[in-house]
Amino acid sequence: MDPIWSNIFRKTPEKDSLAYFLSQLPLFSELTPKEITLLENLVHVRSYRNHETVFEEGDPGSGMYMIRTGSVCIFSRNPQGAEEELARLGPGDFFGETTLTAPAQRSASARTLEATELVGLFRSDLMEAAQDNPKVASHLLFGLTRVMSERLQAASLELRRLQNLVGEQSSSETVET
Amino acid sequence: MTDIISSRRGWTRGQVLLAFLVLTAAIACGLAIFSSATTLTSLSRTAFSALFMPLLLALVLSFLLQPLVYYVEKLAIGRTVSIFIVYLVVGGGGLVALLWLSPNWESLWTNLGADLPRYAAKFTGYMQEIIGALHDRFPQIESYELASKIQQWTQRVLSATLAHTPGSALKVGGLMILVPLFTFFFLRDGRKILRAAVAMSPNRQFEMIHDLSYLISRQLAQFIRGRILEAFIVGLVIGLGLSLTDIRYAPVLGLFAGVTNLIPYIGPIIGMVPGILIAFVDFGMGGQFWWTVILYVLIAQVLIDNFILIPILISRVSNLHPLLVFFAIIVGGKLYGVVGMIIGVPIVSIIQMTILEVRTYRRTFRLPESALESDRSP
């Protein structure tokens with residue numbers, strides 16, 4: 001084929017498209033291709049430089065971010081002002097989802113570790129979708145609830161494990177005394 | 001000697017000359033920038049003044065039609081087709097309503113043109129009678145020629161209105177084409193335009209601006225829909241109520257009362273003046289006159305507007321201070337004439353609403369923080 005024509009008809013490769021990225025996320029794994037297209041118009045793609053702040057602890061939070069490329073560090077500040085790293089996230093991970101449905105302050109800060117592309121999904125977009133397209137919105141919320149409850153379960157298991165650990169320690173201490 | 005002076009002052013003649021030149025150049029540059037800036041602003045003003053009205057009307061219309069378009073779109077039709085369907089339905093409905101309301105619309109209009117001078121003449125006649133009565137009681141104000149002044153004034157207003165009619169007809173024709181066109185694009189791409197505008201904000205502020213833009217546009221849509229619906233119902237009530245009397249211009253007067261009802265405080269008063277005046281001139285102080293007064297003041301304003309419509313439609317938006325309303329009307333009238341008077345108040349309310357929304361947003365997120373601090377302090 002003529003190189004000019006092949007250039008005109010060239011599409012973005014399937015793997016580079018936003019729709020492909022979204023469909024690969026566990027959050028949106030149950031959406032149909034048509035719903036993914038609608039979601040594509042709902043999210044915001046933002047590029048960040050190296051070491052750029054995404055949000056600070058205490059900021060008004062209104063949505064979640066998914067990492068398309070690059071990496072993000074989640075940290076909080078202790079009372080002395082020193083930073084404590086909580087997590088390091090890479091492509092495909094998401095963060096800030098707790099503020100998606102209810103307005104709340106950010107409970108930790110997020111900063112990029114390299115040039116990063118984030119895909120944001122915000123409460124106002126979700127509310128608009130709930131009005132215009134309730135079916136898609138309910139699918140989105142189902143996915144979100146599933147992932148959140150998985151995380152909550154993991155956290156409560158971890159909590160129980162720690163409780164047991166503390167209980168064992170304290171019982172061994174009483175035995176010693 | 002000159003050396004001593006220059007050394008004492010620390011300036012040589014060359015330096016003084018240089019300073020003089022620099023200052024002159026600076027002043028000239030300042031003047032040039034100032035004048036070019038004013039010509040630029042005036043140029044842009046003339047360029048955008050033609051766009052201002054159609055854009056504003058299109059924005060209002062798109063806010064009004066948006067729910068309809070979304071409703072049609074939900075029936076699984078494309079956005080563009082839904083807009084055309086809504087246009088057809090609304091345009092057809094409006095035409096039918098117009099024909100049904102007044103089959104002899106054209107003759108009504110020509111009658112009004114003939115009757116207006118008659119009403120003005122009758123009114124001045126009444127004024128002259130009143131002034132005559134006043135003269136009998138207070139002879140000292142005899143020298144003041146109020147009657148002739150009123151006559152001159154009414155004649156001047158009438159002739160100005162007539163002279164402006166062709167020009168405004170041309171403008172209205174332009175609006176008839178531009179407004180539906182702009183509305184179409186606002187309805188189709190409004191969200192995309194807003195998203196593109198919000199996307200230009202820096203990363204750090206993006207989240208807040210995005211959230212605020214959503215809150216404000218939702219609030220704005222509610223406000224505009226509420227106001228227009230309120231004006232429409234008030235106009236309808238007055239039009240229907242007046243059609244019970246022998247007044248010939250019930251639809252026109254209802255329309256006028258509805259449009260002026262968009263201006264808070266002053267609008268309803270302006271809206272009731274022509275109706276009450278015509279009733280007074282045509283019927284005298286009879287039962288029909290008093291029915292007209294009661295209709296305008298008690299039924300339309302107190303009962304319908306204050307007790308039913310405002311609590312239901314516009315409860316969330318706080319009203320403007322009366323002083324601000326006057327400022328808005330005067331500034332709007334100075335900038336854009338009669339149209340400016342009508343749109344001045346809504347624009348100021350929109351600005352106020354934006355400020356209020358930003359404040360509530362900030363307060364929502366500041367409260368827990370201050371609570372945290374008060375927890376920490378003891």
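Reader: How many salt bridges are there between chain B and chain A?
Author: There are 4 salt bridges between chain B and chain A. Keep in mind that this is a predicted model.

Reader: Can you show me one of them, say what A:Arg106 forms a salt bridge with?
Author: Sure. A:Arg106 pairs with B:Glu207, and their closest N and O atoms are 2.7 Å apart.

Reader: Which elements of chain B give two or more residues to the side that touches chain A?
Author: Those are α5 (146-199), α6 (203-243) and α10 (322-376) of chain B. The largest share comes from α6(B), with 8 residues.

Reader: And how do the residues on that side of chain B divide into nonpolar, polar and charged?
Author: The split is 8 nonpolar, 3 polar and 8 charged.

Reader: How many residues does each chain put into the contact?
Author: Chain B contributes 19 residues and chain A contributes 30 residues. The area buried between the two chains is about 2200 Å², and carbon and sulfur atoms give 43% of that.

Reader: What about polar contacts, how many residue pairs between chain B and chain A?
Author: The count is 16 residue pairs in polar contact, with both residues at pLDDT 80 or more.

Reader: OK, A:Ser62 next. Where does it lie, and is it buried or exposed?
Author: A:Ser62 lies in the loop between β3 (60-61) and β4 of chain A. A:Ser62 counts as buried because its relative accessibility is 0%.

Reader: What does A:Ser62 touch, leaving out residues up to four places away in sequence?
Author: A:Ser62 touches A:Thr99, A:Arg106, A:Phe122 and A:Arg123, plus B:Glu207 and B:Asp211 from chain B. You've met two of those already, as A:Arg106 and B:Glu207 form a salt bridge.

Reader: Let's switch to the strands. What's the order in the open sheet of chain A?
Author: The open sheet has 4 strands in the order β1-β10-β4-β7, and the pairing is antiparallel. β1 and β7 (94-95) are the edge strands, so to speak: each pairs on one side only.

Reader: How many bridges join β4 to β7(A)?
Author: There are 2 bridges between β4 (residues 63-69) and β7(A). A:Tyr65 has A:Phe95 in β7(A) as its bridge partner.

Reader: And which strands does β9 of chain A pair with?
Author: β9 (residues 109-112) pairs with β2(A) in the antiparallel sense over 2 bridges. With β5 (residues 72-77), β9(A) has 4 bridges, and those two strands also run antiparallel.

Reader: What's the bridge partner of A:Phe55 in β9(A)?
Author: The partner of A:Phe55 is A:Ala110. A:Ala110 is also the bridge partner of A:Ile74.

Reader: Anything odd in the backbone? What's the phi of A:His51?
Author: A:His51 has a positive phi of about 55°, although it is not a glycine. Most residues other than glycine have a negative phi. A:His51 sits in the loop between β1 (44-48) and β2 (53-55) of chain A. A:His51 counts as exposed because its relative accessible area is 51%, and the cut-off for exposed is over 50%.

Reader: Back to charges. How many salt bridges over all chains?
Author: The count is 16 over all chains. One of them joins A:Glu30 and A:Arg146, with the closest N and O atoms 3.9 Å apart. That pair links distant parts of the chain, 116 residues apart: A:Glu30 is in the loop between α2 (18-24) and α3 (33-40), and A:Arg146 is in helix α5 (residues 134-176).

Reader: Are A:Glu30 and A:Arg146 exposed or buried, or what?
Author: A:Glu30 is exposed at 62% relative accessible area, whereas A:Arg146 is partly exposed at 28%.

Reader: What does A:Arg88 meet in a salt bridge?
Author: A:Arg88 meets A:Glu85 at 2.9 Å, N to O. A:Arg88 is exposed, with a relative accessible area of 55%, and A:Glu85 is partly exposed at 45%.

Reader: Which residues do shared salt bridge partners join into one network?
Author: The network holds A:Glu56, A:Arg77, A:Glu83 and A:Arg111. Within that group, the side chains of A:Arg77 and A:Glu83 meet at 3.3 Å, N to O.

Reader: Last one, over in chain B: where does B:Gln301 lie?
Author: B:Gln301 lies in helix α9 (residues 287-313) of chain B. B:Gln301 is buried, with a relative accessible area of 13%. The side chain of B:Gln301 makes a polar contact with that of B:Asn261, at 3.1 Å.

How values were computed:
Residues are numbered from 1 along each chain as its sequence is written. Chains are lettered from A and ligands numbered from 1 in the order in which they are written. This is a predicted model: local features need pLDDT of at least 70, side-chain atom pairs count only at pLDDT 80 or more; totals for chains, interfaces and linings use all residues. Side-chain values use heavy atoms; hydrogens and water are left out. Buried means under 20% relative accessible area, exposed over 50%, partly exposed in between (1.4 Å probe, protein chains only). A polar contact is a pair of N or O atoms within 3.5 Å; within protein, one must be able to donate a hydrogen and the other to accept it, and residues adjacent in sequence count only if both atoms are side-chain atoms. Contact means heavy atoms within 4.5 Å. Buried area is the accessible area (1.4 Å probe) that two parts lose on being put together, summed over both. Ala, Val, Leu, Ile, Met, Phe, Trp, Tyr, Cys and Pro count as nonpolar, Asp, Glu, Lys and Arg as charged, and the others, Gly among them, as polar.
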